[in-house]
Amino acid sequence: MEARPGPSAAVTALRGVLPFLVGAFASLLLHFVVAPASGPFATKLVMDAGINVILAVSLNLVNGFTGQFSIGHAGFMAVGGYTAGLVTYYGSMLLWGSPAAHGGFLGGGELLFLAACLAGAAVAALAGLLVGLPSLRLRGDYLAIVTLGFGEILRVLLQRTGDVLPTAAEVRRTPLPELATHVGGALGFTGIPFYTSPFWVGIFVTVMLVVAYRLKSGSHGRSFLAIREDEVAAEAMGIPTTRVKVTAFVLSALFAGLAGGLFAHLVGTTLNPRELGFQKSFDVVIMVVLGGMGSISGAAIAAVILTLLPELLRSFSEYRMILYAALLVVVMIVRPQGLLGLGEIWDVWRPRRKGTGR
Amino acid sequence: MSGPLLSVESISLAFGGLKAVNAFSLSLGRRQLWGLIGPNGAGKTTAFNLLTGVYRPDSGTVSLEGRRLNGLPPHEITAAGLARTFQNIRLFPDLSVLDNVRVACHLDARHGLLAALLRTPRHLAEEKAMEERSRALLSLFGLEERADDDARNLPYGDQRRLEMARALATAPKVLLLDEPAAGMNPREKDELTDLIRGLPARFDIAVLLIEHDMGVVMDLVEGITVLDHGETIAVGAPAAIRRDPKVIEAYLGTGAVDEAVDEAVDEAVEGRA
Ligand SMILES: Nc1ncnc2c1ncn2[C@@H]1O[C@H](COP(=O)(O)OP(=O)(O)OP(=O)(O)O)[C@@H](O)[C@H]1O
Ligand SMILES: [Mg+2]
């Protein structure tokens, strides 16, 4: 091979982090300029949309890239959300004597929140490993059944937790494992401080999108796609299919947990078991199917549209599920691969699809 | 080490009462080209499936350079150096032609997931090397022009060639080809024959070839193993196999009459071309 002078190490390193820097800058802009100018209602919608983008793009790693069928994504969101909520709620009580939000932008409270979200993501990833390891060894529809069961079992367990939250004085006396069983029961986990802001949503959406895109354009993501295309052929090309499927599933659960952390600390939402049940999982599946199995931009766009649509059609909210179901049927008939299929939105303007790589 | 590269000792597999492969043995040396023939349903593809771990043999052993392979999952067998193509083409249809080959280069990649997500220099270098190797394979098989097309849109003959390029991308020591010339026209077959002939020296591999087209097989291989109803009925040099009464009987005695006709037609066409 000819030795061509490649880009210098500094340039390579800069390219590696550039998308994150751009995302951070955009998040700051969103937080300090766009959000204040557009009011609390629009800001809340933007944050809802961002959380749904993370959910849809992360589920797409499993249902789109790897061709498996998970229908329990809200379960992992709940694991992340409750874990993160536990950390900030009781952490704040122990540290500052009250669960209320503490400190300003990037202050102590927000750092606790960041740690809580990462903890939520880690626990959700662990749950993903426990659910994925046995069910992904088998072919076919086992994963759908197991993920559905997982979500429902989790919902019932959460409903049975203690609904009386201990006071600050009691918290200091209660051992930590026992606190974990006090998460509000069927009524929901109220009083979690509101730390989720346009900035944090923007940061996590950036991380999700960059991770998904880099995965898709590298050899790891190509292995995901190969499994979706033909599992027998993938295995014959030396791809350890079970391990790769579990990796995709764990990664997907990790980001669902992160989205759960954001959701738990969002103004105007109560973390409750019903809200994170099958209905929510189904919503995310619809986003992926509509946007395109395997399309990152497609899933993201579908997530945004399906967040805004119910707001625009407020008066029809009772018929939302009928509308979704009808939409799903139409897409399945007219364009079974979803709006964008495996491609990305920017491929639409290209005459011929370049490989999934650069 | 001076033993054979691939050594198959008396492997068998039954589907219920049907002995699909019975006591199949084979020994392949470095850079050897060997043929596996037999009428439809003889057990040829099943033998490939046994070698590559799709099925586990009921008995017998498969070893590559002295390392025992039977019992390993297919991906480990491929990583150990046994690659294959599929008789009923199994490409990754929605991926580009380039990506079909690149996927199979993943065994070259030593970087982890995190390196890929951070785009470290190592990740970039390995990705670049994989792309270059894939493009070189594509151009060897005359597919470089179609690198960006979806695999599903290739004509049949190109799909078969892409299967071969993809299998070679795993950097095998032994390549198993299941009817690579099926469905090709005589000109394509000639080109393919020349290409296969060059593979052992070019890639330092042994090739085991299943092929119904006797013209292609006889022309290429050093020796042939003939299967019929799962049994090995003859082993030997092409010239001897051609005259072997058991082989002639197997081909004429079973439902392979149409095939003999096909072949006669093929040869007639080739003769004219
Ligand atoms: N999975 C299976 N289950 C049951 N029987 C099978 C299976 N796979 C193959 N067989 C049977 O085993 C026998 C050998 O089949 P195989 O596909 O190996 O034949 P082949 O020599 O490759 O034939 P062809 O030239 O038609 O490709 C056939 O009788 C076939 O029906
Ligand atoms: Mg066959």
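Me: Hi! Is B:E188 buried or exposed?
Reply: B:E188 counts as buried, because its relative accessibility is 16% and the cut-off for buried is under 20%. Keep in mind that this is a predicted model.

Me: OK, what does B:E188 form a salt bridge with?
Reply: Its partner is B:R161, and the closest N and O atoms of the pair are 3.9 Å apart. This salt bridge links distant parts of the chain: B:R161 sits in helix α6 of chain B and B:E188 in helix α7 (residues 186-203), 27 residues apart.

Me: And B:R161, buried or exposed?
Reply: Buried, with a relative accessibility of 11%.

Me: Which residues do salt bridges join into one network?
Reply: The network joins A:R228, A:E229, B:D94 and B:R152, through salt bridges that share partners.

Me: How far apart are the closest N and O atoms of B:D94 and B:R152?
Reply: They are 2.5 Å apart, and the two residues form a salt bridge. The pair connects distant parts of chain B, with their positions 58 residues apart in sequence. B:D94 is in the loop between β6 (82-84) and α3 (97-104), while B:R152 is in the loop between α5 (121-140) and α6 (156-169). As for its surroundings, B:R152 is partly exposed, at 46% relative accessibility.

Me: Where do B:R135 and B:E131 lie?
Reply: Helix α5 of chain B holds both of them, four residues apart, which is about one turn of the helix. Their side chains meet in a salt bridge, at 3.0 Å from N to O. B:R135 is partly exposed, with a relative accessible area of 36%, and B:E131 is partly exposed as well, at 21%.

Me: How many salt bridges does a search of the whole structure find?
Reply: The search gives 26 salt bridges over all chains.

Me: Changing topic! How many residues surround ligand 1?
Reply: There are 14 of them, and the closest are B:N40, B:K44, B:T45, B:T46 and B:Q87. Sorted by class, the shell has five nonpolar, seven polar and two charged residues.

Me: What touches ligand 1 through polar atoms?
Reply: Three side chains are worth finding on your screen. B:T46 has a side-chain N or O atom 2.5 Å from an oxygen atom of ligand 1. B:Q87 likewise has a side-chain N or O atom 2.8 Å from an oxygen atom of the ligand. For B:Y55, a polar side-chain atom lies 3.0 Å from a nitrogen atom of ligand 1.

Me: How much of ligand 1 does the protein bury?
Reply: Taken alone, ligand 1 exposes 640 Å², and the protein buries 64% of that. The elements giving two or more residues to its shell are β2 (18-28) and α1 (44-51) of chain B. The largest share, three residues, comes from α1(B).

Me: What about the magnesium ion? Which protein donors does the magnesium ion have?
Reply: The magnesium ion is ligand 2, and its protein donors are B:T45, through OG1, and B:Q87, through OE1. They lie 1.9 to 2.1 Å from the ion. B:T45 is in helix α1 of chain B and B:Q87 in the loop between β6 and α3, so the pair ties together parts that are 42 residues apart in sequence.

Me: Are B:T45 and B:Q87 buried or exposed?
Reply: In between! B:T45 is partly exposed, with a relative accessible area of 26%, and B:Q87 is partly exposed, with 31%.

Me: Where is B:F24 in chain B?
Reply: B:F24 is placed in strand β2 of chain B. It is buried, with a relative accessible area of 0%.

Me: Last one: what is phi of B:H229 near?
Reply: Phi of B:H229 is near 50 degrees, a positive value in a residue other than glycine. B:H229 is in the loop between β9 (223-228) and β10 (231-236) of chain B, and it is exposed, with a relative accessible area of 55%. B:E179 also has a positive phi near 50 degrees. It sits in the loop between β7 (174-178) and α7 of chain B, but B:E179 counts as buried, at 7% relative accessibility.

Key. Residues numbered from 1 in each chain as written. Chains lettered and ligands numbered in written order. Predicted model: local features only at pLDDT ≥ 70, side-chain atom pairs only at ≥ 80, totals over all residues. Heavy atoms only, no water. Salt bridge = Lys/Arg side-chain N within 4 Å of Asp/Glu carboxyl O. Buried < 20%, exposed > 50% of the residue type's maximum accessible area, 1.4 Å probe, protein only. Near = heavy atom within 4 Å. Polar contact = N/O pair within 3.5 Å; in protein donor to acceptor, adjacent residues only side chain to side chain. Areas by Shrake-Rupley, 256 points an atom, 1.4 Å probe, with all protein chains shown as cover. Nonpolar A, V, L, I, M, F, W, Y, C, P; charged D, E, K, R; others polar. Donors = N, O, S within 2.8 Å, 3.2 Å for Na, K, Ca; no water.
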